[in-house]
Amino acid sequence: MIFWLQTTGMRWLAAAVVGGALGLSTIAGAESDSASHTSADPSSHPAPHPLAGQWWLKSVFDEAGAAIWLGGGQDEPITMTVKADGDIHTLAACNSYFGSFGAVTGLNVALDPPLMMTTRIMCWGDYPPVVQFERIARFDRGPVELTLFDADDRRVATYIDMTAMAEALTLARDRERGE
């Protein structure tokens, strides 16, 4: 009886492994087929969020719109990544902040929901003030610079597009070299 259970059990185990592998490959094949069909249709991919990119914090402004911090000289740059869907990750000193920009209407944008989550780790030393993302109501995006404004049209923060700046610096260097 024990021998029968062992051999039957082994057959069932082998059948389950083979069947599972076939089932997974069928599912993966179906997903890959559906992915290839959707990727062929450009309308199935939404346009990236207008603020998508990798940003380096240039300046922070208080509620009156006065500059309270000008970046560029700190040891650790403060960066913000905005994904194609509007999700935000920003790294400020030793804390990370997470949130999401909502849909854009013209040049109007706000957090959706209107809050940022943070790791809130104790930081040592002098660090710049945190960007008040909850104040953001609109933006102005140039070729290299992004300025975020509040509902009263006062500046909240200014960022530099890291990719565009790198390209502009490379072009300037190549021109200087005569290339």
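Hi everyone. Let me start with one cut-off: a residue is called buried when its relative accessible area is under 20%, exposed when that area is over 50%, and partly exposed in between. By that rule Asp150, with a relative accessible area of 6%, is buried. Please keep Asp150 in mind, and remember that what you have in front of you is a predicted model.

First, the overall layout. The protein chain has 2 helices and 9 strands. Going along the sequence, the order is α-β-β-β-β-β-β-β-β-β-α. The chain has 179 residues, and buried ones make up 26% of them. Its accessible surface is about 11,700 Å², with 62% of that belonging to carbon and sulfur atoms. Among contacts with a separation of 6 or more, 47% are between residues 24 or more positions apart.

Let's look at strand 9. Is it enclosed or open? Since 6 of its 7 residues are buried, strand 9 is largely enclosed by the rest of the structure. What does it pair with? Strand 1 runs antiparallel to strand 9, and 5 bridges join the two. Strand 8 also pairs with strand 9 in the antiparallel sense, again over 5 bridges. Ile160 of strand 9 is a handy residue to click on: Trp56 has Ile160 as its bridge partner, and Glu145 stands opposite Ile160 as well.

Strands 8 and 9 form a hairpin, with 5 residues between them. In that turn, Asp153 has a positive phi of about 65°. We'll meet Asp153 again shortly.

Now to the inside. The largest nonpolar core has 24 residues, and the ones touching the most other members are Phe101, Phe133 and Tyr159. Strand 1, strand 3 (79-82), strand 4 (87-92), strand 8 and strand 9 each supply at least two residues of this core. If you centre your viewer on Tyr159 and skip its neighbours within four places in sequence, you'll find contacts that include Trp55, Trp56, Leu57, Met80, Val131, Phe133, Leu146 and Leu148.

Another residue worth a stop is Val60, over in strand 1. With 1% relative accessibility, Val60 counts as buried. Beyond its neighbours within four places in sequence, Val60 is in contact with Ala66, Ala67, Ile68, Trp69, Pro129, Val130, Val131 and Val156. Val60 also shows how the chain comes back on itself: Arg155 is 95 residues away in sequence, but the two C-alpha atoms are 8.1 Å apart.

On to the charges. Side chains of opposite charge can pair when their charged atoms come close. How many salt bridges does a search of the whole structure find? There are 7.

Here is Asp150 again: it forms a salt bridge with Arg135, and the closest N and O atoms are 3.2 Å apart. Arg135 sits in the loop between strand 6 (117-118) and strand 7 (138-141), while Asp150 sits in the loop between strand 8 (145-149) and strand 9 (155-161), so the pair ties together parts that are 15 residues apart in sequence. Like its partner, Arg135 is buried, at 14% relative accessibility. The two also belong to a network of salt bridges that links Arg135, Asp150, Asp152 and Arg154.

Next, Asp153 from the hairpin turn. Its side chain meets that of Arg138 in a salt bridge of 2.6 Å, N to O. Asp153 is in the loop between strand 8 and strand 9 and Arg138 is in strand 7, with their positions 15 residues apart in sequence. Asp153 is partly exposed at 44% relative accessibility, and Arg138 is partly exposed at 23%.

One more pair: Arg141 and Asp161 form a salt bridge at 3.3 Å, N to O. This pair links strand 7, where Arg141 lies, to strand 9, where Asp161 lies, 20 residues apart. Here the two partners fall into separate classes: Arg141 is partly exposed, at 32%, and Asp161 is buried, at 10%.

Last stop, the outside. Which residues make the nonpolar surface patch of about 290 Å²? They are Phe98, Leu115 and Met117. Phe98 is found in strand 5, residues 95-100, and is partly exposed, with a relative accessible area of 34%.

That's my tour. Thanks for listening!

Methods:
Residues are numbered from 1 along each chain as its sequence is written. This is a predicted model: local features need pLDDT of at least 70, side-chain atom pairs count only at pLDDT 80 or more; totals for chains, interfaces and linings use all residues. Side-chain values use heavy atoms; hydrogens and water are left out. A salt bridge is a side-chain nitrogen of Lys or Arg within 4 Å of a carboxyl oxygen of Asp or Glu. Helices (H or I, at least four residues) and strands (E, at least two) are DSSP runs, numbered from the N terminus. Buried means under 20% relative accessible area, exposed over 50%, partly exposed in between (1.4 Å probe, protein chains only). A nonpolar core is a set of buried Ala, Val, Leu, Ile, Met, Phe, Trp, Tyr and Cys residues joined through side-chain atoms within 4.5 Å. Contact means heavy atoms within 4.5 Å. Patches are made of residues with over 30% relative accessible area and no salt bridge: like charges are joined within 9 Å, nonpolar side chains (Val, Leu, Ile, Met, Phe, Trp, Tyr) within 5 Å. Accessible areas come from the Shrake-Rupley method with a 1.4 Å probe; for residues, only the protein chains shown count as cover. Two strands pair if DSSP finds at least two bridges between them.
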